Amino acid sequence: MLIDRSVSPDHMAKSDSFFIRARVTSNDQTYVQSEIDLGSFVNLGVSKSTLLRIHNVAVQYSDNNGPNNPIYTTAAAPAGAAWQLTTQSQTALVLADDKSVVSSGALSAFGDSTSTAHAFGSFDTEDVNPQMWTQGYLIGVDSLFLAVDLSGATFTSGNIDICIVMECTLEAATQANSVALALSQQ
């Protein structure tokens, strides 16, 4: 008899999933950060403490003038927009070995300044994401911080919005998940 462990009680969410959305807008080539208030979800230090578990982070890159406008550069040098989601406020992008990193990724674009057609190419990467982990990413802080920093050539199209949608569940704090939380972050 085969048992599908992917739907066993050990792997099921503790509550129905819900979505938290956030956006940060680039500002030329300066690090910009936006705070995501989790105070209504995470509740620590009371008799029934609650933690947030992020199961999935979906990312949208959009031109600041509207999602129907293309993101592009006409510079021959590549333009880049790197983003991160962290449990602590930062002043610059950090590497994945920083315990505050929950998720990160980047959009890279290149153009052709010699062509009247302005040939263009782009690719995005997601370095670290909760969906890569067996049980998502457990959060025990009152705020998350979504940030973007541009590098290389300027995006001819202008500022870029980085929007995220996080699929989350709530769960009661236990000794086991509190130890896991303490070992993995903050």
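**Strand pairing, core and loop contacts in the predicted model**

Ala81 of S4 has Leu107 as its bridge partner in S5, in a structure that is a predicted model. The pairing to which this residue contributes is antiparallel and joins S4 to S5 through eight bridges. S4 is likewise joined to S8 by eight bridges, again with the two strands running antiparallel, and within that pairing the bridge partner of Gln84 in S8 is Ala147. Seven of the eight residues of S4 are buried, and the strand is accordingly described as mostly covered.

The chain as a whole contains one helix and nine strands, and the order of elements from the N terminus is β-β-β-β-β-β-β-β-β-α. Of its 186 residues, 40% are buried, and the accessible surface comes to about 10300 Å², with carbon and sulfur atoms accounting for 53% of that area. When contacts with a separation of 6 or more are considered, 77% of them link residues that lie 24 or more positions apart.

Within S4, which spans residues 79-86, attention may be given to Gln84. Gln84 counts as buried because its relative accessibility is 1%, a value that falls under the limit of 20% for buried residues. The side chain of Gln84 makes a polar contact of 3.0 Å with the side chain of Tyr31, and the Gln84 side chain also reaches the backbone nitrogen of Val94, at 2.9 Å. Beyond its neighbours within four places in sequence, Gln84 is in contact with both of these residues and with Gln90, Ala92, Leu93, Ser103, Ser104, Phe145, Leu146 and Ala147; Ala147 in this set is also the bridge partner of Gln84 in S8.

The largest nonpolar core comprises 33 residues, among which Ile36, Ile54, Leu85, Ile139, Leu144 and Met166 touch the most other members. Two or more residues of this core are given by each of S1 (18-25), S2 (32-37), S3 (50-63), S4, S5 (101-111), S7 (137-139), S8 (143-152) and S9 (160-172), and the largest share, five residues, comes from S9. The surroundings of Ile36 illustrate the packing in this region: with neighbours within four places in sequence left aside, Ile36 is in contact with Ile20, Ala22, Leu85, Asp142, Ser143, Leu144, Leu146, Ile164 and Met166. Leu85, Leu144 and Met166, which are in contact with Ile36, are themselves among the core residues that touch the most other members.

An open sheet of four strands, paired in the antiparallel sense, has the order S1-S9-S3-S7. S1 and S7 form its edges, each pairing on one side only, and neighbouring strands are turned against each other by 40° on average when direction is ignored. The pairing of S1 with S9 is antiparallel and extends over eight bridges, with Glu167 of S9 serving as the bridge partner of Phe19. Helix H1, residues 175-184, packs on this sheet and touches S3, S7 and S9, and the direction of the helix makes about 95° with that of S7.

Two loop residues are linked to one another and to the paired strands. Ser26, in the loop between S1 and S2, has a relative accessibility of 3% and therefore counts as buried. A polar atom of the Ser26 side chain lies 2.7 Å from the backbone nitrogen of Ile160, and residues touched by Ser26, not counting those up to four places away in sequence, are Val32, Val148, Leu150, Asn159 and Ile160. Asn159 has its place in the loop between S8 and S9 and, with a relative accessible area of 28%, is partly exposed. A polar atom of the Asn159 side chain lies 3.4 Å from the backbone oxygen of Ser26. With neighbours within four places in sequence left aside, Asn159 is in contact with Thr25, Ser26, Asn27, Asp28, Ser62, Asp63 and Asn64. For Asn159 and Asn64, the C-alpha to C-alpha distance is 5.4 Å, although the two residues are 95 residues apart in sequence.

Notes: Residues numbered from 1 in each chain as written. Predicted model: local features only at pLDDT ≥ 70, side-chain atom pairs only at ≥ 80, totals over all residues. Heavy atoms only, no water. Buried < 20%, exposed > 50% of the residue type's maximum accessible area, 1.4 Å probe, protein only. Polar contact = N/O pair within 3.5 Å; in protein donor to acceptor, adjacent residues only side chain to side chain. Contact = heavy atoms within 4.5 Å. Core = buried A, V, L, I, M, F, W, Y, C linked by side-chain atoms within 4.5 Å. Pairing = 2+ DSSP bridges. Axes fitted to C-alpha atoms, helices over the stretch in contact; angles between N-to-C directions. Areas by Shrake-Rupley, 256 points an atom, 1.4 Å probe, with all protein chains shown as cover.
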